[in-house]
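Dear colleague,

I am handing over the structure below, and after it I set out what was found when going through it. Please keep it open while you read, since the notes move from place to place.

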Amino acid sequence: MRRITCWCLVVTVLLLVNHAEAWKHFWRGKWFKRNVELSSSNTNLPPDQWFDQKLDHFDVVNLKTWKQRYHTNDTFFKGDSPVFLMIGGEGEASPKWMVQGMWIEWAKQFNALCFQLEHRYYGKSHPTKNMSTKNLKYLSSEQALADLAYFIEAKKKELKLSNNKWIVFGGSYPGSLAAWFRLKYPHLAHGAVASSAPLFAKINFKEYLGVVTNALQTTLQSSQCTSAIEQATIALEDEIQSTSCCKTMDKLFSLCDPLDTTNKLDVANFFETLAGNFEGVVQYNKDNRDFKGANITMDVLCDMMTDPKIGSPLARYAAVNNVLLGTTGEKCLDYKYDKFLKDMRSIEWNSSASEGGRQWTYQTCTEFGYYQSSDLEDQPFGKRFPIEFSVRQCSDIFGGKFNYKLLKNAVARTNFIYGGLGLKLDRTVFPNGSVDPWSALGITSNTTGNVAIFIQGTAHCADMYPPSPKDSLELTEARNVIESHLRSWISIE
């Protein structure tokens, strides 16, 4: 490691990125995993490193510590140049992000030293022996922000970087962390880039489906696409209520188990899973990540939904489902609510729930809500998964006290301590894509002290992924605007 040998001001840039990378996203009561791979490279990946972190930053009596995983890339560092730190989100932090992505392009340009810090309770960063509800009390955005602060302070001392400026970056949940870090630790964060950041905690995020619906109507098929989805939903309702249900539908939708229409929770999970097929494609539409199924865009789904050769609207709806099952390697659609609960109640680190599902669900139940219900009137996916269905999952998974009253108080507290959409920060930019449903909870227009970069036609965190010749002019220009702000902040004496 090259030491800083001059008294000139060194700039450190802190990059918080959502690491639900092997993209995991909490949709409709199910934890969907997208196997995301950055492009292949012969570049050597950095090894895992471990940082001694405090278990509870807000209890001076508790002296327990644990090992937090991080990575380092000092390839570009020139001593008096910036330091970038990427902070993981609700999934395992991948070392591939230490050699690829837009932040690495900026690291090359600014000769930055790069770190990546994995979020507590995700990936290999295990503060406690398991994920019991009792142990998850140490999982919160406040603890994660304090982890970040303690890591920065330690690296300042270790690497003689005490005069650094810090600029925080993040995308999605860590985009929120980026803004909140700037708010809570202004002495450590000189500026922030908060991409696709949902800043307003909300229990019933019904607007999510509104953005999805509007996005689907921007395709070549326009309103014909959403009209076909609505027709399919009506046909599905008719089928469920018919006396002949449901052998034909079991086969049509490749269900793992026969559908019991008297089980309202199974039916709700089934309907929300089908809506999730469209939600996921819209949210990550053309985002430049290399993964199986990346070629499935909004246009592809709407082509299928408006193609009479496939069959009726219901048959097309099923065809979309089966195509997406194929991209994830699933042989059938597992919609059973009791199976979902059994998985999410697993507390061991070697369980499938530890990939992020149980932990993120806990955070939604105790901090954010963010539940994408079917309560919005003008959307084509039906009304089978109301907010009550999402809220009951908190108590079904974590126990009776995790009820609506607790959730309501928790969401109110989050907006109180962070400011919600009333947040006003200088030297902070908020990039959002017009196709991204999460933009509905973010800052998309300029307010006092805030700079919004609203990118037409782009999806979730698109500005953070590796640049491509296929990028739209709007996306390229947005990255240029972000870069100009970085340059300006870095140059301030």
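A question to begin with: how near do the axes of α2 and helix α3 (residues 173-184) come, and at roughly what angle do they cross? The two axes come within 11 Å of each other, and the angle at which they cross is roughly 65°; the crossing of α2 and α3 is right-handed. On the side of α2, the contact is made by Ser141, Ala144, Leu145, Leu148, Ala149 and Ile152, while α3 contributes Tyr173, Leu177, Trp180 and Phe181.

Before going further, please bear in mind that this is a predicted model. The mean pLDDT of the protein is 88, and 89% of its residues reach 70 or more. There are, however, stretches that call for caution: over residues 1-13 the pLDDT stays under 50, although the model has 48 contacts for them beyond four places in sequence, and over residues 15-37 the pLDDT is likewise below 50, with 131 contacts in the model beyond near neighbours in sequence. Where pLDDT is low, the predicted coordinates should not be read in detail.

Turning to the nonpolar interior, the largest nonpolar core has 116 residues, and those with the most contacts inside it are Phe181, Leu216, Phe253, Phe270 and Phe381. Helix α7 (residues 264-283) supplies the largest share of this core, namely nine residues. If you would like one residue to look at, phenylalanine 270 is in contact with Leu236, Met249, Phe253, Leu255, Leu259, Leu333 and Tyr335, leaving aside its neighbours within four places in sequence. Apart from the largest core lies another, of 29 residues, and among them are Met98, Trp106, Phe169 and Met464.

Histidine 71 deserves a separate paragraph. This residue is placed in strand β6 (residues 65-73), and with a relative accessible area of 1% histidine 71 is buried, because buried means under 20%. Its side chain makes a polar contact of 2.8 Å with the side chain of aspartate 48, and another polar contact, of 3.5 Å, joins the side chains of histidine 71 and arginine 69. Not counting residues up to four places away in sequence, histidine 71 touches Pro46, Pro47, Asp48, Gln49, Ala93, Pro95, Met98, Cys114, Phe115 and Gln116; of these, Met98 is also among the residues of the core of 29.

Two residues drew attention through their backbone angles. Tyrosine 121, in the loop between β8 (113-117) and α2 (141-159), has a phi near 75°, a positive value in a residue other than glycine, and tyrosine 121 is buried, with a relative accessible area of 0%. Cysteine 461, in the loop between β15 (450-455) and α14 (473-491), has a positive phi of about 60° although it is not a glycine, and cysteine 461 is buried as well, at a relative accessible area of 3%.

Finally, threonine 327 is found in helix α9 (residues 313-328). Is threonine 327 buried or exposed, given a relative accessibility of 19%? Threonine 327 counts as buried, because the limit is under 20% relative accessible area. A polar atom of the side chain of threonine 327 lies 2.7 Å from the backbone oxygen of leucine 324.

With kind regards

Note on methods. Residues are numbered from 1 along each chain as its sequence is written. This is a predicted model: local features need pLDDT of at least 70, side-chain atom pairs count only at pLDDT 80 or more; totals for chains, interfaces and linings use all residues. Side-chain values use heavy atoms; hydrogens and water are left out. pLDDT is the predictor's confidence in each residue, from 0 to 100. Contact means heavy atoms within 4.5 Å. Helices (H or I, at least four residues) and strands (E, at least two) are DSSP runs, numbered from the N terminus. Buried means under 20% relative accessible area, exposed over 50%, partly exposed in between (1.4 Å probe, protein chains only). A polar contact is a pair of N or O atoms within 3.5 Å; within protein, one must be able to donate a hydrogen and the other to accept it, and residues adjacent in sequence count only if both atoms are side-chain atoms. A nonpolar core is a set of buried Ala, Val, Leu, Ile, Met, Phe, Trp, Tyr and Cys residues joined through side-chain atoms within 4.5 Å. Axes are lines fitted to C-alpha atoms, for helices over the stretch in contact, and angles run from 0 to 180 degrees between N-to-C directions. A crossing is left-handed if the near helix is turned anticlockwise from the far one by less than a right angle, and right-handed if clockwise.
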